[in-house]
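Work through the following exercises with the sequence and the coordinates open. Each task is followed by a solution in steps.

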Amino acid sequence: MLEVNHLDVVFRTYGGEVKAVRDVSFHVDHGEIVAIVGESGSGKSVTVKTIAGLMQSENAEIRNGNVLLNGTDLLKMTEKELRKVKGSTMTMVFQDSMTSLNPTMKVGKQIEESIKEHTGLSKSERKDKVITILKQVGIPNPELRAEQYPHEFSGGMRQRVMIAIALACNPELLIADEPTTALDVTIQAQILDLLKGLQANYNTSIILITHDLGVVAETAKKVIVMYAGMVVEKAPVDQIFKHPGHPYTEGLINSMPDVSTDKNERLIPIEGSPPDLFSPPTGCPFVSRCKYAMEVCEHHIPPEFEVKYNHFSRCWLHDERAGVNHFNANKEGEETDQK
Amino acid sequence: MNIYIVKRIFTMLLTIWAIATLTFIIMKCIPGDPFASDSRALPEEVLQNVRAKYNLDKPVPVQYALYMKDMLSFDLGVSLNSETRTVNEIIKQGAPVSAIIGLQAMIIAAIFGVILGSVSALNHRKFIDYFATTIAIIGISIPNFILAPFLIKYFAVDMPLFPVARWGTWMHSVLPSIALAVTPLAIIARFMRSSMLEVLKQDYIMTANSKGLSKYKIVWSHGIRNAILPVVSFIGPLFASLITGTFVIEQIFAIPGIGRYFVESVFNRDYPVIMGTTIFFSAVLVFVLFIIDMSYRLIDPRIKLTSEGDGK
């Protein structure tokens, strides 16, 4: 349904060009929840904002690539055509519901606004629709709540309102940019359940950005791991947790706290810090932090290797010339298991 | 809320009293005498009689007490320059004229200032923005006493659309209102531009954008209400000074407003008129500020007016 091919996004700054997104490709099927994970600055948000048509800032430039939604390239659309897609077929939920809702507009009106923009419903029909949606996202007393302002809502309730806005016109694709990061854990679980329910009931495709691997394991079907503006690995969710195909993914999983281990055990960090995107390394972006780094990693960006069916990794270790190692040993092991 | 209003009215009265007292003290510090500037040289006995009539021979604290007593009964005294006119009459005749011009100027300045500022913020660093900013700077730089004669030359003499000067029909009020509006308009436009630029960076604007709204709709329904708050706090005092008359514009257009008395009374040491016009101005200012504070509540629902603290 959504297909992103070879997307390159650059920010022009006084210090030079920042290559925020480099050669990003992935696709999302109907009714699929895809998670994009990666640390801050890895290009997750820029990628989805480009998809959602929210990158018209003067210093961002989409250098290359296309974004196909049901076969049409969103990047080639005129502003007017794109506006018809935004808010109806494709909607977005943002991280911070405190700042993402207009403080001086009633909540009901903020939901009604996109219904008004995209449908021909009358005023009273729109009001009914707003109440229905508020009920659907689990807000009690919807008639009263619709007439209130965002500051009268709690954080979790505000995020439900954000989701209500996104749902107003029955979107096919919902992009959620860290929807649970600003919330506490119990509320997080409720919001994730809500999103999962939508996907199950309405077959909405969801792109979920997060840096919480727990959230990923809980909700997503497919995972895309980004690092320094590149997709380093994409795989089905069970596959990625059991057999990560990239040293960075492996590092992420190892650095997760584990309830079953001894309390006193320290977390395992990934040493070092991400590269400077003003001048990204010529080779693999992870090379300086990778414990398996080889000569080739310094000089050449690894291509996408298909590790297994639907499991891709940008790591030279999957090249046959790398010899038998930790990663392809795993793969071999898996294959023998299957036999 | 009600307690807030009562407390607020009390402080308003206190403020007016404080201003009246200060004005009285400062006024008495100016050397000179209302009758000394008279062209006729009056004999000493006559002067003493006249002074006695207006209580000017009494000690200053007594004069102050007498004035305050009259003020409490809304009697602002008689002008020393023309015995037949009371200060109340002067205000009653002049204030409405000044208020009409001031109000019209304010409406022009607020509407066009907000539009100009919003449009230039929306086209940040594009031609329209530079154009609007240039207009605004010109508006701020040209004093209204320069602009007024030009308006008269082009729109009253060369193209006789409006009367040259004087007061009578609504047409008479157009040119003075425009002349008076230009500077505030430019200032409001600049305020609005920077405030709107700030608002356009907010996350909720991106939310509005993700709903597929057009950029003018975004600015209209999400931008203006949020961006106007800092502008409103500036509009308050401006409004008060505009509606209480402006000496220069009233002088150029020969308009019988109240601004003239404000200035002339000081030169003439016309004590009751100095006091009267000042008290009138401060009363208007204090009242407008009160209205502005109340309007914050309407603009931004997060602001709650309470009687605690500074009332915000």
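**Exercise 1.** Which residue with a positive phi follows H9(B)?

Solution. The residue that follows H9(B) is Gly245(B), with a positive phi near 90°. Before going on, note that this is a predicted model, in which local features need pLDDT of at least 70, side-chain atom pairs count only at pLDDT 80 or more, and totals for chains, interfaces and linings use all residues. Residues are numbered from 1 along each chain as its sequence is written, while chains are lettered from A and ligands numbered from 1 in the order in which they are written.

**Exercise 2.** Compare the spans of H9 and H6 of chain B with the expected values, and locate the bends.

Solution. Step 1: helices (H or I, at least four residues) and strands (E, at least two) are DSSP runs, numbered from the N terminus. The expected span of a helix is 1.5 Å times one less than its number of residues.
Step 2: H9(B), residues 215–243, has only 36 Å between its end C-alpha atoms, where a straight helix of 29 residues would span 42 Å. A bend of about 55° lies at Gly223(B) in H9(B), the bend at a residue being the angle between axes fitted to the seven residues ending there and the seven starting there.
Step 3: H6(B), residues 144–158, covers 20 Å from its first C-alpha to its last with 15 residues, close to the expected 21 Å. H6(B) nevertheless has a kink of about 25°, centred on Ile152(B).

**Exercise 3.** Find the buried residues of H6(B) and what they pack against.

Solution. Step 1: a residue is buried if 20 or more other C-beta atoms lie within 10 Å of its own, exposed if 12 or fewer, and partly exposed in between, with C-beta atoms placed from the backbone.
Step 2: in H6(B), Asn144(B), Leu147(B), Ala148(B) and Ile152(B) are buried. An α-helix has 3.6 residues a turn, so residues three or four places apart point the same way.
Step 3: the buried residues of H6(B) pack against helix H7 (171–200) and helix H10 (247–252) of chain B.
Step 4: for the setting, chain B has 12 helices and 0 strands, and 36% of its 312 residues are buried. Its C-alpha atoms fill a box of roughly 85 × 60 × 30 Å along the principal axes.

**Exercise 4.** Describe the two open sheets of chain A and name their edge strands.

Solution. Step 1: two strands pair if DSSP finds at least two bridges between them.
Step 2: one sheet has 4 strands in the order E2-E1-E4-E5, with antiparallel pairing. Strands E2 (16–28) and E5 (72–73) of chain A each have a single partner strand, so one side of each lacks a neighbour in the sheet. E4(A), residues 60–69, is joined to E5(A) by 2 bridges, and Leu69(A) has Thr72(A) as its bridge partner in E5(A).
Step 3: the other sheet has 8 strands in the order E6-E7-E8-E3-E9-E10-E12-E11, with mixed pairing. Its edges are E6(A) and E11(A), the latter at 305–308.
Step 4: E11(A) pairs with E12(A), residues 311–313, in the antiparallel sense over 3 bridges. Glu306(A) is opposite Phe312(A), and Phe305(A) is opposite Ser313(A). The hairpin has 2 residues between these strands, and Asn310(A) takes a positive phi near 65° there.

**Exercise 5.** Why does Val107(A) count as buried?

Solution. Step 1: Val107(A) lies in helix H4 of chain A.
Step 2: Val107(A) counts as buried because it has 26 C-beta neighbours inside 10 Å.
Step 3: two residues are in contact if their C-beta atoms, placed from the backbone, lie within 7 Å. Beyond neighbours within four places in sequence, the contacts of Val107(A) include Arg145(A), Tyr149(A) and Val161(A).

**Exercise 6.** Which elements give two or more residues to the side of chain A that touches chain B?

Solution. Step 1: 25 residues of chain A are in contact with 18 residues of chain B.
Step 2: the elements are H2 (79–85), E6 (90–93), H3 (97–100) and H4 (107–118) of chain A. H4(A) supplies the largest share, 4 residues.
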